[in-house]
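Work through the exercises below with the model open beside you, and try each task before reading its solution.

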Amino acid sequence: MKEKVKEVKMKRRWGMAIDLDKCTGCGKCSVACNQENNMPIFEDDSDVPKRVAFLELMKVTNDRDAKFPDVKTAYLPKMCQMCEGNDPKNPNPPCVSVCPAVATDVGDDGVVSQIWSRCIGCRYCQTACPYEARVFNWWKPEYEGSFKKSLSTDVSVASRGTVVKCTFCSHIWKRERDAATAKGILDINAVLYTPACAGTCPTGAIVFGDLNDHDSEVYKLTQTDRAVRLTNPVDDVKDADKKKSLLKAKQFTNPKVYYLTSQQWLRDMMRFKKNS
Amino acid sequence: MRRSLLLFFTPFIIFTWIFFGISQKGCDSVMQADAAKKIPFNHQSHVEKYGISDCTTCHGYEENGRFKGLPTIAECTTCHARDGVLTSDDQSIPRKKPMFDSYKDTDQPWESFAKQPDLVYFSHSVVMTAKYDDGRLKARCGSCHGDKADSTGTKMIKGKMLMGQCMDCHTALNLSNKCAVCHD
């Protein structure tokens, strides 16, 4: 007798909204991310090709040669943008299809995962990523003194020769799920969590939540006029029919990380438009 | 002709055999297939004679849902008291065990056979609380660990837990088999 087993569907679609008007560029998100995900410590963190960090805090200026009254600056925390492709129900990020080792995959909650122990270090995904959100471990991870004893046990340390990236701290989701089951909550969709960067932001610029839940704060923020996604040209098209035909004709990344800003020069810059 | 062919392939065969041997050994040591068990333990007598039928009496959970794994000496000495009697006619009194004397309360003198590599996030509490619609549990301790409750020694009875075993169960129960469900 074949038993029918009820399938439990994950309804969540995790997304993030980062308010660039609120961001002061303190870098706390970057520090928290590195600590949570067992990032190695390097002698010189300004050495960009050597550094390994999931979250990069970028400083953006309107013009490199601008003089005092015209110069404008903003800070942009850039992590994996969790692309989902054109269809949220059938996510198709650019990095997943190129991986020959199935080390990167899209979870049921829309989070693009990366298993660094499975990675063979071919770096196809790094090439495919339009946001340069993936980093390659060129050197063996090293930790000063007794730092290795304080590493988080939930995250494995990435060895040399693997590609790593932000996974929206999915180990925290697993931890929260453990805590929920201990309290007797067995529904997979009842578990909420906060990644390290969103939890530590002192100005509350980073908001994390469920994009499928229309009452959540993050969904409301993404529906405002201030919301902009990094270099996703389909967002600029206002006409619904044209948008539909564009989506049919071409794959877009459609990231789940939204940036909120009211400054026009920054919006233009994030869409690779020429400065107006 | 045939003999020379065999001679030609002998080094390759030997090399492959040694290579597989080494990788098997490495896999075993990572998964702790020969874990140290310094103190003998009889599951059968504890379960059958003394009526500890619930596994979580010794292999319980932390408050935040994490599995404790092997018990500490302190948990053994709650019954086998350090100042208890050595021999007694009454079967219901737990005796003092002199082998605990050389251990501190926080020691765990056993190592687990079922040690998973660092990249696996296995949640005992989630797996053990998953239920069918009619209230039956989807997994029991025995489905992965074998009939440990009926064993009299500390030998490994179900083998190393490989990813295929987890995935077979997940497929059969229509659960998600995505990488990030268990891996980090």
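**Exercise 1: a sheet in chain A**

In this predicted model, A:Ala17 lies opposite A:Val207, a residue of strand 8 of chain A. Describe how strand 1 and strand 8 of chain A pair, and then place them in their sheet.

*Solution.* Begin with the pairing: strand 1 of chain A, which covers residues 14–19, runs antiparallel to strand 8 of chain A, and five bridges join the two. Next, widen the view to the open sheet of four strands, whose order in chain A is 8-1-10-9 and whose pairing is mixed. Finally, look at the edges, where strand 8 (206–210) and strand 9 (227–228) of chain A each have a single partner strand, so that one side of each is left without a neighbour in the sheet.

**Exercise 2: where chain A meets chain B**

Determine how many residues each chain gives to the contact, and which salt bridge A:Asp154 forms.

*Solution.* First take the extent of the contact, to which chain A gives 29 residues and chain B gives 27 residues, while the area buried between the two chains is about 2,400 Å², with 53% of it from carbon and sulfur atoms. Then turn to the charged pairs: the interface holds three salt bridges, and A:Asp154 forms a salt bridge with B:Arg66, in which the closest N and O atoms are 3.2 Å apart. Across this interface there are also 11 residue pairs in polar contact. Last, ask which elements of chain A give two or more residues to the side that touches chain B; they are strand 4 (104–106) and helix 4 (170–182), and helix 4 of chain A supplies the largest share, nine residues. The residues on this side of chain A comprise 10 nonpolar, eight polar and 11 charged.

Notes: Residues numbered from 1 in each chain as written. Chains lettered and ligands numbered in written order. Predicted model: local features only at pLDDT ≥ 70, side-chain atom pairs only at ≥ 80, totals over all residues. Heavy atoms only, no water. Contact = heavy atoms within 4.5 Å. Buried area = accessible area lost by both parts, 1.4 Å probe. Salt bridge = Lys/Arg side-chain N within 4 Å of Asp/Glu carboxyl O. Polar contact = N/O pair within 3.5 Å; in protein donor to acceptor, adjacent residues only side chain to side chain. Nonpolar A, V, L, I, M, F, W, Y, C, P; charged D, E, K, R; others polar. Pairing = 2+ DSSP bridges.
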